[in-house]
Every structure is written in structure tokens, then in C-alpha cells.
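Reader: Before I rely on any of the terms used for this protein, I would like to see each one set against its definition. Please begin with the open space.

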Amino acid sequence: RIDRLTAEELKQKLDAGEDLVVVDLRHSVEFEAEPESIPGAIKLSPEELEHRHHEIPRDRDVVLYCT
């Protein structure tokens, strides 16, 4: 299942304490230009995803943040 969320919708979910995990998939260049991140987000570059996917919990909704 794939849904899209606006930044405002994600903030509402986080503020409401919904049990979800955020994965920040921005490339390192994008992260350097805008180093702010969503609190608690798992930071993975797209290149690392194949090798580190096991770090993403499978027991809750997952939000992928990319640009």
C-alpha cells in the first residue's frame, strides 16, 4: 500500500503519537544542503537501502522521506 502525505499531515500524525517510522532517504548532497531532519527518523541514503533495510521496522507504518 502506498499513500502520499503532505508535511502537515505527517506532522499531525507525529504530534498525535501515531506509531510509525520515518526513513530519511535523501542523498548526501541533499542532506548537506538541508541538514535538518525529522526527529527520530532513520537516515539512509538510497544506496544504503539494500544493505540496511533490516533496520526498518516492519511492524508499523513506514514513511519514506525523499526529495
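**Pocket, fold and exposure**

Author: The largest pocket holds about 820 Å³ of space. The model is a predicted one, in which local features need pLDDT of at least 70, side-chain atom pairs count only at pLDDT 80 or more, and totals for chains, interfaces and linings use all residues. Residues are numbered from 1 along each chain as its sequence is written, and side-chain values use heavy atoms, with hydrogens and water left out.

Reader: What makes a space a pocket and not a cavity?

Author: On a 1 Å grid over the protein atoms alone, a cavity is a set of points where a 1.4 Å probe fits but cannot get out, whereas a pocket is an open set with protein on both sides within 12 Å along at least five of seven lines. Grid points are joined across faces, edges and corners, and the volume is the space filled by probe spheres set on the points.

Reader: Which residues line the largest pocket closest to its centre?

Author: They are D3, L5, V63, L64 and Y65, out of 25 lining residues; lining means having an atom within 4 Å of a point. Two or more lining residues come from each of α1 (7–15) and β3 (61–65). By class, the lining has 13 nonpolar, 2 polar and 10 charged residues. Here Ala, Val, Leu, Ile, Met, Phe, Trp, Tyr, Cys and Pro count as nonpolar, Asp, Glu, Lys and Arg as charged, and the others, Gly among them, as polar.

Reader: What pattern do the helices and strands follow along the sequence?

Author: The pattern is α-β-α-β-α-β, from 3 helices and 3 strands. These are DSSP runs numbered from the N terminus: H or I over at least four residues for helices, E over at least two for strands.

Reader: Why does the radius of gyration agree with a compact globule?

Author: The rule, 2.2 Å times the number of residues to the power 0.38, is applied with the radius taken over C-alpha atoms. For 67 residues a compact globule would be near 11 Å, and the protein has 12 Å, so the two agree.

Reader: Why is P39 called exposed, but H53 partly exposed?

Author: Buried means under 20% relative accessible area, exposed over 50%, and partly exposed in between, with a 1.4 Å probe and protein chains only. P39 has 75%, so P39 is exposed; H53 has 37% and is therefore partly exposed. P39 sits in the loop between α2 (28–33) and β2 (42–43), and H53 in the loop between α3 (49–52) and β3.
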